[in-house]
Amino acid sequence: MTRKACLIFNPVAGQSDPNQDLETIKVLLSPEFDLDIQITSQEVDADELAQKAVERGVEVIIAAGGDGTLSAAAAATVGTDIPLGAISRGTANAFAAALNLPSTIEAACRAILTGKTKKVDAAICNGKAMVLLAGVGFEAETVENTSRQLKNRWGMLAYVMAGVQQLSQLEAFEVEIETDDKIIRSPAVNAVTVANAAPPTSILAQGPAGIIYDDGLLDVTIVAVEKWTDAIATSYHLLQTGRSGDAASLDKIGYLRTKRVKITTQPPQKVVLDGEIIGTTPIEVECVPDGLTICIPETLAEEPSEKLEGLPGVEVEMKSDT
Ligand SMILES: Nc1ncnc2c1ncn2[C@@H]1O[C@H](COP(=O)(O)OP(=O)(O)OP(=O)(O)O)[C@@H](O)[C@H]1O
């Protein structure tokens, strides 16, 4: 018997031929699924289509597109038990990389057909569902400056180019980071990233050793640089540690793990949530353990740890009631 699935398909994601991709997906999934195919448009996005599918009570939601499409569809399933099948067709494919999902259409379809479902953490940021990460400062600017034309032309290199563009305009901000047990203040940081899950290419999330997406905790990375040469050294260090799975050890990179966090900045900074600009600080992010059901292989967990020393003028105030 076939299962009822809603397939949400973004025809403009990535650089491949959408008609051919859709046909491949239909051929691979049709034997098992009764597919209700919903195509995204500029007006109707994956979030809205996925929410309607949740309301209709489909058995599985399958999203095919870039990180925006996959994250939006995933967000609509947070807190439901509806499994999400993710088919990556974007530029960066951070979603699949972060959750150890297959990167090709064929392998993703095979996982949806035969893979086991697994519960992983999600988070809520200012009332919105989050699967990957929230970026304050640099990361938000990088995303905003990475246009579709740039992505179409340069692929992954577009993210690097947008980052380098930002390095020449670094503006530090004052931050207060409040967790359940402490308040951290620093007068001059450039980026704060709160990650539930992140691939090694999300370099500004790579403070802790390995970002664990099923530990009930969020991974916070704080980066402070004074000049653009520091920024390059810091970015390179984070790229290396992200790839090796080691914790960052450079001064001016801090990290900690926490169930919930409140971030206030002076002046207010733009905030990017799973690839989309959602507004400005302050933000409050809370982990939703096991909030998302997805077909995914197991990964190894690392020991939780934190490091805050070395950030300029950092103050850590322990809260007395914890
Ligand atoms: N039919 C469409 N025409 C134009 N824009 C669309 C259409 N469908 C979706 N979009 C837009 O596409 C964006 C999401 O793109 P998505 O992230 O899936 O692909 P991408 O940008 O190529 O991938 P990545 O984020 O991995 O680089 C949303 O902003 C959405 O509004």
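Two exercises with worked solutions follow. The model is predicted: local features need pLDDT of at least 70, side-chain atom pairs count only at pLDDT 80 or more, and totals for chains, interfaces and linings use all residues. Residues are numbered from 1 along each chain as its sequence is written.

**Exercise 1.** Find where the largest nonpolar core lies with respect to domain 1 and domain 2.

*Solution.* Start with the domain assignment, which is automatic or from a database: domain 1 is 3–115, and domain 2 is 128–295 + 305–318. Their contact (C-beta atoms, placed from the backbone, within 7 Å) takes 25 residues from domain 1 and 23 residues from domain 2. On the side of domain 1 that touches domain 2, α3 gives the largest share, six residues. Helices are DSSP runs of H or I with at least four residues, strands runs of E with at least two, numbered from the N terminus.

Next, take the core, a set of buried Ala, Val, Leu, Ile, Met, Phe, Trp, Tyr and Cys residues joined through C-beta atoms within 7 Å. Buried means that 20 or more other C-beta atoms lie within 10 Å of the residue's own. Of its 92 residues, Ile61, Ala63 and Ala73 touch the most other members. Both domains give residues to this core, so it lies between them.

**Exercise 2.** Identify the edge strands of the open sheet of six strands.

*Solution.* Write the order: β12-β11-β10-β7-β14-β15, with antiparallel pairing. Strands pair if DSSP finds at least two bridges between them. β12 (253–258) and β15 (276–280) each have a single partner strand, so these two stand at the edges.

Terms used. Buried ≥ 20, exposed ≤ 12 C-beta atoms within 10 Å, placed from the backbone. Contact = placed C-beta atoms within 7 Å.
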